[in-house]
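Hi! Here's the structure I promised to pass on. Have a look at it first, and then read my notes underneath.

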Amino acid sequence: MSRMIPSQMSDEEKRKSKAEWKIFEWLREMEWGDAIVLHSLPLKEHDYKSFGEIDFVVICERGVLCIEVKGGRVCRQNGMWQFINRDGHVDEKKEGPYKQVQGNMNSLRNFLEDNLRNGDSILKASFASCVMMPDCIVSSDDDTEIIREITFDQHLEKKDMVSIFERSFRYWDMKTPKGSHEGLSKTDRERLLTFLRGNFSFVPKLSLLLKASEEQLCTVTDQQFLVIAGMSQNDRMMIEGGAGTGKTFLAMEQCKKYSVIGNRVLFLCFNSLIASYLRESIKKDDIDYTIEVMTFHELLMKLCGEKKVPEGINEDDYFNNFLPNTFLSNFASLPEEEKYDRMVIDEGQDLMNINAYMCLDNIIKGGWKNGKWAIYYDPQQNIFNTNEEFSETWKELKADSFIYPLTVNCRNTRQIAKGNYAVTHVYNPPVMQAEGEEIEYIAYKDKKDELKLLCDVIRKL
């Protein structure tokens, strides 16, 4: 995939040009030439205008490609070009898209020649340009201004984009015989990026980029809507998803949904910090929910009247064996009114062992077979139970429940998820919900050096 700078378009830019937004997404997904794509690059030094702007600049192994995008209807009458948007607004100019993109390409190349040292390897690279009009059919092949070789129109599809780019480079290499038309090395691509970004464009505030990413992440996905819709139709649900697919968010929404219709709801999780966080989160809603949020072990200690781990007993053995056996031996026959109407379990892969399965069968009205419950789990993160025990318990539960898969990562941006996988090799959900800033890796020698570099980054931000 291409590296996009900036990493996303603003809502205003998307509304202004749907064609440009479409090309932005196509370029992002493009796998060609190890490309870096700069969007909406201002030219403060244009050859014949006081100010210019290039829709997209692609810095790749092949060289530098300037792209002009025109959406809506494009026509020329009486020597004037007309650009008609979807609202019917007509923008009339003497300069057409071909002359515009050639002027931008030449201005960019001249700027680099004026500012880079003679003989710089960047100046030996190929420079090309093309025009993309995805909404139009360009048929005037005999027109002196239209250049078919560098035109992408409605006849073509996303898969044809790279071939048009390659053809554009060949066309301009033939038209500009001077120079060696070499490619750009990785080092040169990074140098050119730093030079152009520093001298041509304004970098969006980090807070705005973070806000945009957060808004994308907080958007409920279609998959989550399906789960929410299924809550009222299925008494027993198993929701499977990797880290970041929104399981805890959905689990809490399900608890609130049941609570407001008068159910006594038990929310169980394995991690005490998550339980504390969710208890505080519920308080912020200022609604008197009938939800009890606990870890499994907190629940058993409450039901057994235990306050702490008895002296002389190993803590792991106490929680894994002694406490569940105490409950099953002495407290399992709970009166029906003390049992919970609904039970929602988060981190199910860590919690659902045989002991927990037997205990909870006595705590939920109707038990596992006929009760009302939901389990949210990530089978890739089963680190506390043996695979045999996990599989056996899951087999019993799946026989009596409806299963929903979650595949959209709602927690991390694509860049963070990709970086996390590179470091940990922990499974990532296959679909990314949001785009963000590229990850920067900084190596340090020791703890002292790490602290210094961290402070440097914070000052820079």
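**Charged pairs and cysteines**

Let's start with arginine 189, which is buried, at 5% relative accessibility. Here "buried" means under 20% relative accessible area, "exposed" means over 50%, and "partly exposed" is anything in between (1.4 Å probe, protein chains only).

A quick note before going on: this is a predicted model, where local features need pLDDT of at least 70 and side-chain atom pairs count only at pLDDT 80 or more, while totals for chains, interfaces and linings use all residues. Residues are numbered from 1 along each chain as its sequence is written, and side-chain values use heavy atoms, with hydrogens and water left out.

So what does arginine 189 meet in a salt bridge? Its partner is the side chain of aspartate 34, at 2.8 Å from N to O. (A salt bridge is a side-chain nitrogen of Lys or Arg within 4 Å of a carboxyl oxygen of Asp or Glu.) Arginine 189 sits in helix 5 (residues 186-200), while aspartate 34 is in the loop between helix 2 (18-29) and strand 2 (36-43), so this pair ties together parts that are 155 residues apart in sequence. Helices (H or I, at least four residues) and strands (E, at least two) are DSSP runs, numbered from the N terminus. Unlike its buried partner, aspartate 34 is partly exposed, with a relative accessible area of 42%.

Now for a pair within one helix. Lysine 283 and glutamate 280 are both in helix 9 (residues 272-284), three residues apart, or about one turn of the helix. Their side chains form a salt bridge at 3.4 Å, N to O. Lysine 283 is exposed at 59%, and glutamate 280 is partly exposed at 43%.

Another one to find is lysine 339 with glutamate 336, whose side chains meet in a salt bridge at 3.8 Å, N to O. Is lysine 339 buried or exposed? It's buried, with a relative accessible area of 15%, whereas glutamate 336 is partly exposed at 45%.

There's a network to look for too: salt bridges link Arg117, Asp120, Asp188 and Arg191. Over the whole structure, the search finds 22 salt bridges.

How many disulfides does the structure hold? Zero, where a disulfide is a pair of cysteine sulfur atoms within 2.5 Å. Two cysteines to click on are cysteine 269, which is buried at 0% relative accessibility, and cysteine 455, which is partly exposed at 29%.

Cheers!
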